[in-house]
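Got your viewer open? Load the model, get your selection tool ready, and we'll walk through it stop by stop.

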Amino acid sequence: MEGLLDELLPVIVSFLPAHDAVRTCVLAKRWRHVWTSAPALRITAVKGFRSADQFNRFVDRLLLQRRQGLCPLESCEFNMVESDFEFDWSLCVEHVYLYSLHSALQCNLQSLSCHFMPTDPTDFAEDLQEPAAPFLSNHIQRLQLSFIRSSLDFSGCPRLLDLQMHECVILADSIVSNSLQYLSMSCCQLYMRHRTSISLPHLVRLDFTDCFGKMPLFESLPSLEKALVRIGEFTGDECDGSGSACCLNENPCWECRFAFEFDADRGRSYLFQGLSRASHLELSASYDHAFIFQRDLKWRPKFPMLKTLVLDDWCLDADLSAVILFIQQSPNLEKLTLELFEEFDSSMVSEGSNHLLPGASVPDHLKMVEIKCETVDVRVNKVLKILNTYGVSLDRIYIRQTDTNPGCSAFVCTGFNLN
């Protein structure tokens with residue numbers, strides 16, 4: 001240890017939990033103030049503390065010391081696992097949530113992470129009080145949040161670039177940020193009765209996966225390049241017709257009719273309107289929730305920048321009308337990937353009217369169609385038939401098959417027997 005350069009000591013200490021980092025001051029004289037210049041703080045449970053009040057006082061003094069210190073603090077992480085605490089964990093969480101996070105931001109951080117990990121996550125974030133004030137920082141660039149409530153008002157963080165939220169409760173009519181470039185929301189809970197609006201002028205990448213509640217309104221995302229949207233089974237967009245084709249035609253159920261009227265009043269879709277500038281799209285949904293995408297495609301949105309598109313089993317509905325529409329409305333699309341891994345159901349490949357668009361050939365700009373599946377079954381055969389009917393030659397279609405054997409095999413379906 002004596003051979004280490006003094007400049008390296010703060011970096012080494014920054015990898016320790018905060019309470020252990022402070023304890024390094026007793027190792028030797030040269031270590032006495034090293035912890036005060038560590039570029040990162042990692043606040044976790046502290047073995048030996050007898051109460052939540054003692055833990056909270058330690059965190060307050062620690063952050064006060066760093067605010068008053070001369071060395072900048074670049075990042076701070078709160079990793080609060082309930083099972084690691086020997087006393088009332090909820091009192092520590094409440095203090096961190098309401099006070100310590102704002103106190104940490106006053107240290108001019110560039111990165112802040114807060115992960116609450118309850119033993120029973122049911123309704124945990126929902127039971128938290130809403131903070132009295134939004135986050136305020138002229139320096140923060142990255143926020144990672146788990147199991148908190150958020151108003152999505154980041155107007156007080158003019159340099160925020162990266163926002164990642166997991167299992168958070170979102171209580172906001174809109175997200176506010178003029179600087180955000182990457183937004184990830186996974187398993188978050190949104191409003192059940194109305195939609196949160198997302199308009200982010202500089203957003204480059206969006207990951208929206210398996211969230212609860214109503215799908216948000218993707219309003220204006222003019223800088224978007226890449227988006228992943230996966231609709232889980234607990235979406236708040238329900239169809240009384242179980243997503244059947246009838247809800248996309250003359251006699252929709254009440255839920256779908258309300259959505260159609262809402263879209264008509266706006267004069268545009270609520271999902272693909274904001275995704276239309278992306279060059280890479282991944283759209284995933286269980287087959288039972290395919291109608292959410294299908295319903296939005298009735299507007300026949302255009303995707304002028306789209307080059308790569310990934311769809312899964314939901315796109316098999318109505319003779320691949322969604323697939324053909326995407327191809328025709330995306331003049332620069334080069335690669336299409338179909339991931340067919342959902343358990344086979346004959347209704348997925350039923351004949352039916354192509355209700356989204358009239359028959360037309362596929363442009364020549366599509367260079368490759370990749371089909372990923374476990375087995376080459378009737379679904380795959382139907383996909384090949386339909387694509388070939390619309391002018392996609394078999395030498396542009398590849399099948400990547402996975403089975404019980406390790407690895408996977410790929411082969412070109414040139415001359416594949418469609419009978």
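Start by selecting Val-96: helix H4 has a kink of about 45° centred there. The bend at a residue is the angle between axes fitted to the seven residues ending there and the seven starting there. Now widen the selection to residues 89–105, which is the whole of H4, 17 residues in all. From its first C-alpha to its last, H4 reaches 23 Å, close to the 24 Å expected at 1.5 Å a residue; that expected span is 1.5 Å times one less than the number of residues. Most of H4 is covered, with 13 of its 17 residues buried. Here, buried means under 20% relative accessible area, exposed means over 50%, and partly exposed lies in between (1.4 Å probe, protein chains only).

A quick word on what you're looking at. This is a predicted model, where local features need pLDDT of at least 70 and side-chain atom pairs count only at pLDDT 80 or more, while totals for chains, interfaces and linings use all residues. Residues are numbered from 1 along each chain as its sequence is written, and side-chain values use heavy atoms, leaving out hydrogens and water.

Next, select residues 290–297, helix H8. Eight of its eight residues are buried, so H8 is largely enclosed by the rest of the structure. Click through them and you'll meet Phe-291, Arg-295 and Asp-296, among others.

Now hop to strand E16, residues 335–340, and pick out Thr-337. Is Thr-337 buried or exposed? Thr-337 counts as buried, at 6% relative accessibility. Show what surrounds it: leaving aside neighbours within four places in sequence, Thr-337 is in contact (heavy atoms within 4.5 Å) with Leu-309, Val-310, Leu-311, Glu-370 and Lys-372.

Time for the cysteines. How many disulfides does a search of the whole structure find? Zero, where a disulfide is a pair of cysteine sulfur atoms within 2.5 Å. Take Cys-211: the nearest cysteine sulfur, that of Cys-188, is 4.8 Å away. Cys-211 is buried at 7% relative accessibility, whereas Cys-25 is partly exposed, at 26%.

Finally, zoom out to the whole chain. You should find 10 helices and 19 strands; these are DSSP runs numbered from the N terminus (helices are H or I, at least four residues; strands are E, at least two). Of the chain's 419 residues, 52% count as buried. Among contacts between residues at least 6 apart in sequence, 59% join residues at least 24 apart.
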